[in-house]
Structures are given as C-alpha cells and as structure tokens.
Amino acid sequence: MNETQKQSDLEKDRVHHAEGFLTTNQGVGVSNTDDSLKAGGRGPTLIEDFIFREKVTHFDHERIPERIVHARGSGAHGFFQVYKELSNLTKAHFLSDPELVTPVFVRFSTVAGSRGSADTVRDVRGFAVKFYTQEGNYDIVGNNMPIFFIQDAMKFPDLIHAVKPEPNNEMPQAASAHDTFWDFVSGMPETMHNVMWLMSPRALPRSFRMMEGFGIHTFRLVNAQGAFKFVKFHWKPLLGVHSLVWDEAQKISGKDPDFHRRDLWETIQSGTPAEYELGFQLLDPEDEFKFDFDILDPTKLWPEELVPVQKVGKMTLNRNVDNFFAETEQVAFCPANVVPGIDFTNDPLLQGRLFSYVDTQLSRLGGPNFHQIPINRPVVPVNNNQRDGIHRMTIDAGQTHYHPNTLNSNQPHSAHQGEPRFEHYQEKVEGNVIRERSASFRDHFSQPAMFWNSMSGHEKEHIVDAFRFELGKCQKVCIRQNVVNLLANVNADLAKAVGDGLGLNPEMKPLASPKPFASPALSMDNTAKSPKTSKTAIIVENGFDRAEYDAVTAAIIRAGGGFDIVSKKLGAVSAVDKSTIECGKTYATAVSVVYDAVFVPGGAHVDSLKLSGDVWHFIDEAYKHYKTIGLGGEASSLSPAERIKSAAQGDNAAAGIVICGGKAEPFADEFIAALTQDRHFQRGCVVMAVSA
C-alpha cells in the first residue's frame, strides 16, 4: 500500500463536522442538547431520556483508565465527629452522637489536567469526602467553589470538552487559557459566576489544608419524623482560606509540580493534622421561594449573610495512605452514595451526577464490583443478591441469589421498620414531560456581580489580571470581544479594565443592572490567619548572628511553623560565636516560591550574601509575592523596599519587612506577627472603583 492509498483509506473515516444538525449516535435528530428531560421545568430528570444517557455515557467512557476529570489527586485518611447530636435535623446515625468517631477518606484534586499535570495550575479543586458510617458509605462530592459552571448535567460533556486540551493538537495541558474554553463561555452566560471564581485567587489555593470545600448542590436533611430542611454543605479549614499569587503559582509548577501533594503529605507525616469544620446552611421548606434566586440552581450560592453557616462538627485528616494507587487512585466517589436522613433535590446538575458517577467507574475500575476494592468497601456488612461480574472479590456461598425465595427462608430480607433503611422523601411531582430550563434559572449575572462587589482591591486586581492573561492567550479576537461584552453585564469597571488590557471596549449595552449587593464572607481577606504550619526559609552563610537566629527559630516553633536552612552548600554553617547549624537546602534545591517567608539574620555573613545573585533573587521574589521578610542587624541592607519603589506602593513599600533594630526577642515577635498576616498586598495594591 502506498502513501496515497493510505491517505485515501484514512479519509473514509475522517468526519468533518462543519455543518448539519445534531443527531444521536443512531442518527436521530436532536433539537435540544442543553436540557435534560424532566417532569416539569423544575422537576426531576427522567431515566427515559435516552439522549441525555447516550451523551453522558459516551463522555463517561472517553478516558481509560485515568479519571476523565479530577485525574490529578491527593488523598488522606482521618475521622469526623459531630459537635452535638442533630436528631432534630436528620436521622443520619453519624450525626447523632458527639462521642461517635466516623472514619473518613478525602481526595483533593484538580479538575482539568491529566494525572501528570502540575498541582498549582489555575483550576477548580475537587474536595471529596467518603464517610464510612454505621449505615453505609456516604460521600460529599464537592469542590473548593460553592457553585458550578452549568445548570444542567446535559452540558457537562460540552464544558469539559471545551476546557480540556484542544482535540486537534492536545494543547494546552491543565489550562483554561485557550480558544475552545472561552468560546464555550461566551455562548453560555450561566458559566459567568463560576468563571469569576475561577479568575479569582480561589483558583490558586496555597494548600489543600487552606481550602474551603462545598457540596455545591442543595440536598435535604430528613429526621425520623419525616420532616426535612434544605441544606448546603460547607467545609471550613481551621487555618483559614489562603492562596498563591499567579506568578508564584506558575513558577511552583516548574520548580515543584507536586507542591500541594507534598505539602499535605509532609504536614500529616510530621504529626500535624489537616482540620476542617463541617457547616450547614439550612432552609425551611416554606422558605424555598423567598430569595431572588432559585435555591436549586447550582450556579447560585446562598449568601452567608442571608443564610448563616452553622458549624456542626470537625474532620481531622491525620494519616497518609500506604499505597497511592490502591487508595487515592482507586477510591470511587458518587453523589448517590447517601445514608438514611440525607436525600436529594431536583437540582438538574445533581440529578445527572447521580447517574454519571457510577457509570464512569465501570470503565475506570474495570466493572461492576469496584465497591469491593478495600478503599471503597463499607465498614458494615454488604448483604444482597448481586453476584459475578469481572473482578468479583467475595466468594458468595449458597444456592439462592434472588428475592423472594423459600430455599433460604427469604434471606436476605427487605429491611423492616426499625432496621436502618433508606427511604426517599415523598415529594409530590407533577408536570409535563418537557426538555427546557426553569424560568427561575435565567438570571446569570446578579451573583457574579455580587462576587465582584465582595472582593477587596487586590482580589479585584487579581481577577482583572487573570482575565487579561486567559483571554490574551485566545487566538480569535471575536472570542475575546464576546467575553468582554459578557463582563459588562457583571460590572462596567471590570469589563473596561479587562478590555483595556486587550485593546477592546465592550460593544454591547448590559442586559440588566445587577443589584449592588456584596457578601463580605466571600472575600479571603476576612478569613482566619495563623502562622501555624507556615514555612520560612532562613538564609545563612558562615558568620551569621546566632542570637537572632535562635530567637527567630524559637518563635517560629512556638507559633507552630517550620523552617529550612538555606545556604550555598550543604553541611555545617558557622555562626559568629563559632557554633554551627546544619544546612539542609541550597539555592539549587530551595526556591523562594515554595516558602511563606524569608529570614536573614545579621552578622558578618551579609557581606558575602550581597555578592550572591541567588540571595538577591530569593529575597526579591518573596517581596514580589507579598511575603514576610525578616532582616536582622546588618541584613537590613538587603531590604528590597530600598530598591523597589513606585508611586503605587508609596509608604507601603516596606509593609511586611521586619528589621531588627535592637534586641533579638522583640524582633522575633514582630516577625511572627507579620507572618501571621499571611500576605502584605498593600505593597502594590491599587483599589479599583466599583460602579453601582
């Protein structure tokens, strides 16, 4: 066969989708590929929707064997305890007794990248928790953002196809900064709320330990009397919510692509657990329609100022996995894994996920018995008539595997009253079988506007810069223009600022003027701050001041932080008093971006440090990324504030730079106080105006 014949044969299988109407894989025409089939516009999704099932089933099986999404993950074991019994809210057993310890396994992840991608890319993060309860496994399968890009699961394949590497060249990896993603966004205004979060610092978490988690959907808590409340689930990290800055995140991706994975592993390995509080937002059934948004819309959050988060328990992650593949890679989560007392709502994204997650595990884990893999196995007995199938791990004895039967005295029997059993809340459902979106889901801009209005000055600056970067990577000017036009519906200043960086102006008049409502709880400036588990780089060479070194390191340890000694070579480093310390890092193996602060003690070694470009770079990068810098004695001459000045920084140029002017102990206390503040954004923040 010659090359021409080969090309001709290949051409027979090459399909160009340049025009024509949508069809199923059987060639049946499809009029709507945006909405699943429901019982009424706001009702549950129907299993007879073969168009939805075909689309999502194909999507679920497009990647083998890694996960289609959330492929890059990191996991840990731990336990959960409720603060007080909650039987008034739910009959779920694991929420019934503050003395009860429920084992958990948590998997954190990025969404878009492959297993080999970097940890610190701009992305949504997965936050999935498996509770091994006495009534079976319960999964909260969430993200670090409280809302999602789409309202109906029918659009999930389109969203992920758009954000994944483009199919013609498999680029870019683990990035949304390309044409197909923003082309999708420009045609789907419902994505705008999640896009605002994606462009914010929330998309660049400092650590999995400093990242919120959200169940996203509205669920029901049902008590033993059959009464229910609507609920949204929150995970609040005890260390607060903190992020990286973009330049820092990009450099970490190259210097240590395992940054988040390593941080979680090393922290737990050191004996310090990762801790989160579980919070409930609760609504009475009669309040379902009291807001100007639909509580079942997964692109909407419930502002905490309107519906407070009640903290009901704590999760502690204190044990690393023994085998990454057997545990972190093979764990299988599913939103349909619920226990008595927790039930679903008609959120159309949730309804689709209830089907999709089990389906995708069938391919990824090799068949219907993935629940028998040890990490997925419940702690209570499994007793049913399911048999056989690939990778069956139990040897099920006996003659019968059907119900009812007389040969085995009708065992296993249906759970009787008084035995733990799941019963769905009996909700009345009526409506036409219809493929459309509820009218209450049509407001796509009020909450993105609320998010923008809630941000501090440096957070807004981050968002603008992120849009400029992402859209600047798009090759098609029309796509950039379409997104800038959409942003005008969120905030005029935002659209103008993004457009200015791209040489564009909004071309469309906004569809509406969103209410100037703000939710302070959404700003990361209002989070808890602590020096605990922070990591400081201490730069020394022969001739450093031992008293300053001892004072600062003692203060770091008291505060619950850690530090590394960094020098030009490994081994012993001598102080002025001839005592020595052991250096474990060099400029070749330690970089500023992986530390929270830098400390340089004074002493004769400063003359040598001044001759090192590595030292200047280390300190200047810490300054650029708004981190705390401690300079003892003679090291004050290394202060970047004396060399980096601008009108924007003004008197704030030295913010977060602590200089020893006398005794070592007060200096150490000042250093810890500055470290507690996390970042010092006032060095270069320009506050943007907000238009009402």
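**Exercise 1. In the hairpin of strand 15 and strand 16, which residue takes a positive phi, and how do the strands pair?**

Start in the turn: 5 residues lie between the two strands of this hairpin, and Lys578 takes a positive phi near 75°. Next, look at the strands themselves: strand 15 covers residues 571–574 and strand 16 covers residues 580–583, and they pair in the antiparallel sense over 4 bridges. Pairing here requires at least two bridges found by DSSP, and strands are DSSP runs of E with at least two residues, helices runs of H or I with at least four, numbered from the N terminus. Finally, Ser574 stands opposite Thr580 in strand 16.

A word on the model: it is predicted, with local features needing pLDDT of at least 70 and side-chain atom pairs pLDDT 80 or more, while totals for chains, interfaces and linings use all residues. Residues are numbered from 1 along each chain as its sequence is written, and side-chain values use heavy atoms, leaving out hydrogens and water.

**Exercise 2. Is Ser523 buried or exposed, and which residues does Ser523 contact?**

First find Ser523 in the loop between helix 13 (492–502) and strand 13 (535–539). Its relative accessibility is 5%, so Ser523 counts as buried (under 20% relative accessible area; exposed is over 50%, partly exposed in between, with a 1.4 Å probe and protein chains only). Then list its partners: beyond neighbours within four places in sequence, Ser523 is in contact (heavy atoms within 4.5 Å) with Ser454, Met455, Ser456 and Glu459.

**Exercise 3. Where does Arg392 lie?**

Arg392 sits in the loop between helix 9 (348–364) and strand 12 (433–434). With a relative accessible area of 22%, Arg392 is partly exposed.
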